[in-house]
Amino acid sequence: MRTKSVGKKKINVVTLGCSKNVYDSEVLMSQLKANGKEVVHEDKGDIVVINTCGFIDNAKEESINTILDYVEAKNRGEVEKVFVTGCLSERYKPDLIREIPDVDQYFGTRDLPILLKHLGADYKHELVGERLTTTPKHYAYLKISEGCDRPCSFCAIPLMRGGHVSTPIEKLVTEAQKLAKKGTKELILIAQDLTYYGLDIYKRRALGDLLKELVKVEGIEWIRLHYAFPSGFPEDVLDIIREEPKVCNYIDIPLQHINSDLLKSMKRGTTHEKTDALLAKFREKVPDMAIRTTLIVGYPGETEEIFQELKDWVRTQKFDRLGCFTYSHEENTGAYVLEDNIPQEVKEARVEEIMEIQSQVSWEKNQEKIGQVYKCIFDRKEGNYFIGRTEYDSPDVDNTVLVSAENTYISIGEFANVKITSAEEFDLYGELV
């Protein structure tokens, strides 16, 4: 009876966490729509499906608070059912059932067909590659693999997502073609580890082969690479970035730290010297490439001397884009046996120090862009400005280009050439040319 009654209800999908979760929600929504369900994303609905994140403490807290908010709404009669899926549910299902029993059902990261059944829908295999995108239609995430085989000691992703599984090239090309027909111009390739792509199904690193096929898709103008791993980086990818106009001169490569002892404890498979050599190779092969990285501070054993090494390195490397996070002591990870010996206030102060250095680096790099002309794609209009990005910037996490809307009109989702007239730490201002 339950599944039959669901059919007339509006289903609200709420997405928390990273771009991989955005992708998973889009797949879920596409399946529901194909089953004749009325589905919305982060809007009002009779039934709520919360796609949770369980990566670090802050993400877990946000997920739990969201679940509690919707359970309270259910108890007030504002929603009828609350379902929870995603990484938090995969990792902590028994605890969640015990602590928040008013949720109607919990599902893991691989339970899509079962979740659909509870929503009165059937999993349609013919829909593979179909998504109801939640991003602006001109860009979309393309998840090329699931899970991770890396042993990083601080990371709980393998506990929640399982081992690495690559999606075959032909399926990804089909998905890209479908997105292009709907107006997608920019593909953002995502995975837990892009550079491991292909090892399981092709017995070799095949990211370069995938890129060579994706650039052939008509309508796609930019292809962006997120979440590459430094150890075993396939150098043929650098040649493709340099030679293929559609592949953005951009790479997101989370390096996490630079001290060799900490990198060894983190089980990153690299050292300070090897990391510097890789970055030098990037800049030699693709001089115009923007390098984005993320760092972790406060990992067990990070002394003031080691932190100073990290700060000096950030000043020297002058990354185009950089994010920084505090270490989160995650149970069942390799580092959990270590003493979490850096106080939280020290961790947070170290984040501020790193980001202050990066802010100065970014300001200096942006000043060099004044007077230059860049091809930009425009994502939205806010107040008196159209907000765009260069090929060196990914949506939501990187710099933006602002063009005054007072005497100019720009179509959202379209490309335009912009001359930079002024610059701040993380924003460029310009005019159409």
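User: How do the residues lining the second largest pocket divide into nonpolar, polar and charged?

Analyst: Happy to help, and please keep in mind that this is a predicted model. The second largest pocket holds about 920 Å³ of space. Of its 34 lining residues, those closest to the centre include Asp 24, Lys 143 and Glu 146. The lining divides into eleven nonpolar, 13 polar and ten charged residues.

User: Which helix or strand gives the most to that lining?

Analyst: Several elements supply at least two residues each, among them β4 (81-86), α5 (112-118) and α7 (169-181). With six residues, the top contributor to the lining of the second largest pocket is α2.

User: Where does the second largest pocket lie relative to domain 1 (10-126) and domain 2 (135-368)?

Analyst: Good one to check in the viewer. Domain 1 (10-126) gives residues to the lining, and domain 2 (135-368) does too, so the second largest pocket lies between them.

User: In the salt bridge of Lys 365 and Asp 320, is Asp 320 buried or exposed?

Analyst: The two side chains meet at 3.5 Å, N to O. This pair links distant parts of the chain, with Lys 365 in helix α13 (residues 344-367) and Asp 320 in the loop between α12 (304-317) and β13 (321-326), 45 residues apart. Lys 365 is partly exposed at 23% relative accessibility. Buried means under 20%, so at 14% relative accessibility Asp 320 counts as buried.

User: How far apart along helix α9 are Arg 242 and Asp 239?

Analyst: Their side chains meet in a salt bridge of 3.2 Å, N to O. Both residues lie in α9 (residues 236-243), and their spacing is about one turn of the helix, or three residues.

Definitions and conventions: Residues numbered from 1 in each chain as written. Predicted model: local features only at pLDDT ≥ 70, side-chain atom pairs only at ≥ 80, totals over all residues. Heavy atoms only, no water. 1 Å grid on protein atoms, 1.4 Å probe; cavity = no way out; pocket = protein on both sides within 12 Å on 5 of 7 lines; lining within 4 Å. Points joined across faces, edges and corners; volume = space filled by probe spheres on them. Helix = DSSP H or I, 4+ residues; strand = E, 2+ residues; numbered from the N terminus. Nonpolar A, V, L, I, M, F, W, Y, C, P; charged D, E, K, R; others polar. Domains from an automatic or database assignment. Salt bridge = Lys/Arg side-chain N within 4 Å of Asp/Glu carboxyl O. Buried < 20%, exposed > 50% of the residue type's maximum accessible area, 1.4 Å probe, protein only.
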